[in-house]
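Please walk through this model from its central sheet outwards, and keep the sequence at hand while reading. The paragraphs below take up single residues, strands and a helix in turn.

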Amino acid sequence: MSVIEKSWYKKPGLLSILLLPLSVLFWLISTLRALFYKLNILKAFKAHVPVIVVGNISVGGNGKTPFVIWLAEYLQQQGLKVAVISRGYGGQSDSYPLLVTEQTTTTQAGDEPVLIKRRLGCVVIVGPDRQASIKKLEQHDIDVIISDDGMQHYKMARDIECCIVDSERQFGNGLLMPAGPLRETKARLKSVDLVIENGGNAQSRYDLASSPFRTVSNSELANSVQDKGHAVSAIGNPKRFEISLEQQGINLLSTHHFRDHYAYQANDFSDFADDAVFMTEKDAVKCFSFAKPNWYYLPVDAKPTAAVIEKLNLLLKQKGILNGL
């Protein structure tokens with residue numbers, strides 16, 4: 001995490017004050033852009049099927065991916081054919097839109113789309129141009145599109161907006177980028193269909209439930225797991241992951257934090273010798289090709305509260321995505 005990013009989660013200091021003029025400029029540009037779409041001066045495109053956006057108003061990991069996976073599985077259970085589109089942050093493909101397959105690497109598509117594909121098996125499209133990605137989806141038989149991020153992509157019309165908020169970090173110092181972590185002001189939450197906290201005590205939230213450890217090299221259930229090792233993570237809130245490991249009885253020899261979406265190399269682990277390594281599933285998809293047998297990842301699943309499911313069902317019915325709920 002850079003010096004600027006660290007300042008976002010402290011009381012505003014000198015650095016924040018110095019960056020405020022840029023935040024004002026950011027606010028002006030983003031506000032005008034949103035207004036132009038609202039007034040139809042700039043034209044949004046409408047997908048051929050309903051679109052559900054799962055995003056946030058702040059940068060950094062807030063826990064979108066676990067909820068995207070839960071939402072897709074929930075809709076599949078209702079008999080809907082689901083597709084997911086993503087920017088594919090951290091990936092570099094020779095061409096876009098990119099259809100993610102079992103052979104697609106995180107270097108090509110980014111870590112989250114590869115993880116989503118492996119978990120769900122549904123159609124996943126990656127690309128910076130969401131309109132082009134949705135156009136490509138017309139070739140597939142689908143009923144609903146989930147956009148992993150994209151709340152600020154006003155060019156893409158949407159039927160439902162779900163905003164994920166990290167219950168621990170919340171909105172940092174409450175300032176817009178670059179003085180703070182916010183992409184939009186907190187007033188934006190008033191227009192969101194469903195605000196969901198990741199953890200915490202809010203009525204509208206989801207909790208993360210850990211599943212048994214799996215081996216990084218082959219994604220299979222670990223027959224036995226060493227009880228001590230090094231925690232390595234490239235996620236927005238690594239402390240939550242490390243607490244989960246300790247709750248599983250793991251004695252952490254050390255903790256190592258890389259920037260979100262970091263592309264691991266084998267030499268990043270050279271100091272660990274033959275010690276066990278523990279990571280998240282998001283990290284694991286980038287390491288299976290060089291992982292040692294005693295490297296493990298901890299899968300987690302989002303468990304929304306009844307309040308979230310009730311509100312979601314109401315929205316799905318109102319928007320005509322599902323009937324009879």
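A residue is called buried here if its relative accessible area is under 20%, and exposed if that area is over 50%. The structure is a predicted model, and every value below was computed from its atoms. With that cut-off, Asn-56, which lies in the loop between β1 and α3, counts as buried because its relative accessible area is 1%. The side chain of Asn-56 makes a polar contact with the side chain of Arg-183 at 3.2 Å, and, when residues up to four places away in sequence are not counted, Asn-56 touches a set of residues that includes Asp-149, Gln-152, Cys-163 and Ile-164.

One of these partners, Cys-163, is itself buried, with a relative accessible area of 0%. The count of disulfides comes to 0, and for Cys-163 the nearest cysteine sulfur, that of Cys-162, is 9.1 Å away, whereas a disulfide would need the two sulfur atoms within 2.5 Å. Cys-287 also counts as buried, at 0% relative accessibility.

The next topic is the sheet. Its 9 strands form an open arrangement in the order β3-β4-β2-β5-β1-β6-β7-β8-β14, with mixed pairing. β3 (98–99) and β14 stand at the edges with a single partner strand each, so one side of each is left without a neighbour in the sheet. Within this order, β6 and β7 pair in the parallel sense over 5 bridges, and Asp-166 stands opposite Asn-198 in β7.

Asn-198 appears again in the surroundings of Ser-167, a residue found in the loop between β6 and β7, since the side chain of Ser-167 reaches the backbone oxygen of Asn-198 at 2.8 Å. Ser-167 is buried, because its relative accessible area of 16% is below the cut-off of 20%. Leaving aside neighbours within four places in sequence, Ser-167 is in contact with Glu-197, Asn-198, Gly-199, Gly-200 and Arg-240.

Another set of pairings involves β13 (residues 295–298), which pairs with β9 (residues 214–215) in the antiparallel sense over 2 bridges and with β12 (residues 276–280) in the parallel sense over 4 bridges. Tyr-297 takes part in both pairings, for Arg-214 stands opposite Tyr-297, and Tyr-297 is also the bridge partner of Met-279. In a regular strand the side chains alternate between the two faces of the sheet. In β13, Trp-295 and Tyr-297 point one way and Tyr-296 and Leu-298 the other way, and all of them are buried.

The last element to consider is helix α9 (residues 306–318), whose 13 residues should span 18 Å at 1.5 Å a residue, in agreement with the 18 Å between its end C-alpha atoms. Which residues of α9 are buried? They are Val-308, Leu-312, Asn-313, Leu-315 and Leu-316, and because they cover an arc of only 165 degrees around the axis, they lie on the same side of α9. An α-helix has 3.6 residues a turn, so residues three or four places apart point the same way. The buried residues of α9 pack against β1 (51–55), α3 (64–77), β6 (160–166), β7 (194–198), β8 (205–210) and β14 (300–304), while Ala-306, Glu-310 and Gln-318 are exposed on the other side of the helix. After α9 comes Gly-320, whose phi is positive, near 75 degrees.

Methods
Residues numbered from 1 in each chain as written. Predicted model: local features only at pLDDT ≥ 70, side-chain atom pairs only at ≥ 80, totals over all residues. Heavy atoms only, no water. Expected span 1.5 Å × (residues − 1). Buried < 20%, exposed > 50% of the residue type's maximum accessible area, 1.4 Å probe, protein only. Arc of directions from axis to C-beta. Contact = heavy atoms within 4.5 Å. Polar contact = N/O pair within 3.5 Å; in protein donor to acceptor, adjacent residues only side chain to side chain. Pairing = 2+ DSSP bridges.
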